[in-house]
Amino acid sequence: MTDTVIKPDFDAAQKHFIFTQEHEDLRESMEAWAKKELHPHRNEWEETKWPDSAIERAGELGYLGLCFPEEYGGQGGDYFYSLVRAEALSYAANGGLGMGFAVQTDMVLPPVHLLGTEEQKQKYLVPGIAGTKIGALGITEPGAGSDVAGIRTTAILDGDEYVINGAKTFITNAARAQFMVLVVKTDPSKAHDGITLLLIDIRDEDGNDLPGFSVTSNLEKMGMLSSDTGELAFEDFRVPAESVLGEVGKGFYHISWELQGERLVAAAGSHAGAERLLETTIEYALDRQAFGRPIGKFRRSVTRSPRWPPRSKPRSSSPTRSPGASTGASTRCGRSRWPR
Ligand SMILES: Cc1cc2nc3c(=O)[nH]c(=O)nc-3n(C[C@H](O)[C@H](O)[C@H](O)COP(=O)(O)OP(=O)(O)OC[C@H]3O[C@@H](n4cnc5c(N)ncnc54)[C@H](O)[C@@H]3O)c2cc1C
């Protein structure tokens with residue numbers, strides 16, 4: 001029995017059995033990009049918010065479509081590439097940027113890919129992967145967070161249009177997004193079964209709010225300052241009936257299933273961020289002198305950790321490589337599959 005238990009081998013080149021050499025090559029190239037092009041701006045962006053050009057650049061390098069099919073501009077890789085992306089972005093040392101990117105790659109685009117019509121995919125998935133259109137996800141409301149079935153934003157069919165009324169809060173990318181996956185009640189008399197997803201434009205080509213949509217407040221936060229977080233209002237906001245994403249009345253089940261993978265991506269990014277902090281702390285502790293020696297030397301365990309120092313890894317030469325789906329895992333972003 002004990003022979004079948006998989007134990008970590010800290011000296012192994014392959015850090016985890018879900019990651020192949022292709023995953024590791026991507027990690028190297030993304031890490032190099034994050035250090036070179038993102039990390040230098042980490043403090044400035046806490047003041048100004050990360051610029052749209054950062055996500056456009058990520059799209060150009062092929063980093064936004066890692067696990068979407070090549071026919072939509074993606075790289076055709078598996079779900080684990082999303083974990084690599086989240087971990088590699090930790091080298092930008094800017095949590096708000098990682099969060100804003102993850103909303104695009106792991107929360108907005110997966111349901112568009114999994115549930116969208118061909119027309120919706122061409123309109124939102126293709127430019128979303130290219131980084132030329134930014135999306136937001138609107139679930140949370142002033143009166144409904146964890147209890148999604150309690151949302152009050154309604155979309156009532158009027159001829160061939162839905163008329164949306166309500167408010168959303170804590171919405172990442174709200175100030176910059178051109179489109180949104182919006183969670184609404186199409187049947188307010190029902191709880192879970194009254195919920196529908198809509199895929200809608202919220203701004204015109206010039207970035208102006210469409211009539212009936214507004215950002216009522218850009219919320220102040222304690223951290224993640226480079227990411228914008230907004231409170232939104234919809235007042236008789238009209239969208240075509242074809243804006244439904246998936247099935248009418250199935251929205252609760254769609255977000256429970258199609259967004260399954262994003263929490264693990266968030267956890268991987270958070271864990272990687274903590275690793276970067278540990279590295280910085282150890283570096284400081286070994287450099288800072290007090291009482292005639294580095295302060296880290298007062299705690300012998302700092303240098304005795306079996307995982308420290310980390311092994312240096314080989315560099316990849318190509319930042320835009322196509323990863324492929326070599327693990328046998330699902331090619332679907334947003335749904336994790338254990339490789340067989
Ligand atoms: C920086 C940031 C960005 C965000 N971006 C987005 C976004 O882009 N789109 C979006 O839709 N939302 C977004 N959110 C909202 C986020 O998803 C919600 O905060 C989350 O769903 C929790 O809802 P809430 O804040 O209303 O907490 P509440 O639902 O009020 O919960 C408060 C506390 O009570 C606990 N709790 C609730 N119910 C139970 C229960 N039944 N049993 C035990 N404990 C319970 C919760 O775990 C939590 O600790 C964002 C939030 C933040 C902070």
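# A walk through the model

Buried residues (under 20% relative accessible area with a 1.4 Å probe, counting protein chains only; exposed is over 50% and partly exposed in between) make up 46% of the 340 residues in the protein. You are looking at a predicted model, where local features need pLDDT of at least 70, side-chain atom pairs count only at pLDDT 80 or more, and totals for chains, interfaces and linings use all residues. Residues are numbered from 1 along each chain as its sequence is written, and side-chain values use heavy atoms, with hydrogens and water left out.

**Stop 1: the whole chain.** Switch to a cartoon view. There are nine helices and 10 strands, taken as DSSP runs (H or I of at least four residues for helices, E of at least two for strands) and numbered from the N terminus. Now put on the surface: the accessible area is about 17100 Å², and 52% of that belongs to carbon and sulfur atoms. Areas here come from the Shrake-Rupley method with a 1.4 Å probe, and for residues only the protein chains shown count as cover. Of the contacts (heavy atoms within 4.5 Å) between residues at least 6 apart in sequence, 73% join residues at least 24 apart.

**Stop 2: the ligand.** Select the ligand and the residues around it, meaning those with a heavy atom within 4 Å. You should get Met99, Leu137, Gly138, Ile139, Thr140, Gly145, Ser146, Phe170, Ile171, Thr172 and Lys221. Color them by type and you'll see five nonpolar, five polar and one charged. For that split, Ala, Val, Leu, Ile, Met, Phe, Trp, Tyr, Cys and Pro count as nonpolar, Asp, Glu, Lys and Arg as charged, and the others, Gly among them, as polar. Strands β1 (135–138) and β3 (161–172) each supply at least two residues of this shell, with β3 giving the largest share at three.

Next, draw some distances. Try these:

- From a nitrogen atom of the ligand to a backbone N or O atom of Leu137: 2.8 Å.
- From an oxygen atom of the ligand to a polar backbone atom of Ile139: 2.9 Å.
- From an oxygen atom of the ligand to a polar side-chain atom of Ser146: 2.7 Å.

How much of the ligand does the protein bury? Taken alone the ligand exposes 980 Å², and the protein buries 41% of that.

**Stop 3: helix α4.** Select 80–88, which is α4. Eight of its nine residues are buried: Phe80, Tyr81, Ser82, Leu83, Val84, Arg85, Ala86 and Ala88. Bring up α1, α5 and α8 too, as they are among what covers those buried residues.

Stay here and pick Arg85, which sits in α4. Is Arg85 buried or exposed? Arg85 is buried, at a relative accessible area of 2%. A polar atom of its side chain lies 2.5 Å from the backbone oxygen of Tyr63. Beyond neighbours within four places in sequence, Arg85 is in contact with Met30, Tyr63, Leu64, Gly65, Leu66, Thr105 and Asp106.

**Stop 4: the nonpolar cores.** A nonpolar core is a set of buried Ala, Val, Leu, Ile, Met, Phe, Trp, Tyr and Cys residues joined through side-chain atoms within 4.5 Å. In the largest one, of 31 residues, show Trp33, Leu38, Leu83, Leu97 and Phe101, which touch the most other members. Two or more residues each come from α1 (21–38), α3 (52–60), α4 (80–88), α5 (95–115) and α8 (262–287), and α4 gives the most, with six. Zoom in on Leu83: not counting residues up to four places away in sequence, Leu83 touches Ile18, Phe19, Leu264, Val265 and Ala268. Apart from this core lies another, of 28 residues, among them Val112, Leu115, Ala144 and Leu199. In soluble globular proteins, nonpolar side chains tend to be buried together.

**Stop 5: Arg176.** Go to the loop between β3 and β4 (179–185) and select Arg176. At 12% relative accessibility, Arg176 counts as buried. Its side chain makes a polar contact with the side chain of Asp228 at 3.0 Å. A polar contact is a pair of N or O atoms within 3.5 Å; within protein, one must be able to donate a hydrogen and the other to accept it, and residues adjacent in sequence count only if both atoms are side-chain atoms. Setting aside neighbours within four places in sequence, the contacts of Arg176 are Lys49, Trp50, Pro51, Asp52, Ile134, Arg203, Ser226 and Asp228.

**Stop 6: two last picks.** Gly76 lies in the loop between α3 and α4 and is buried, at 17%. Measure from its C-alpha to that of Cys333, 257 residues away along the chain, and you get 9.7 Å. Then select Ser53 in helix α3, which is partly exposed at 47%.
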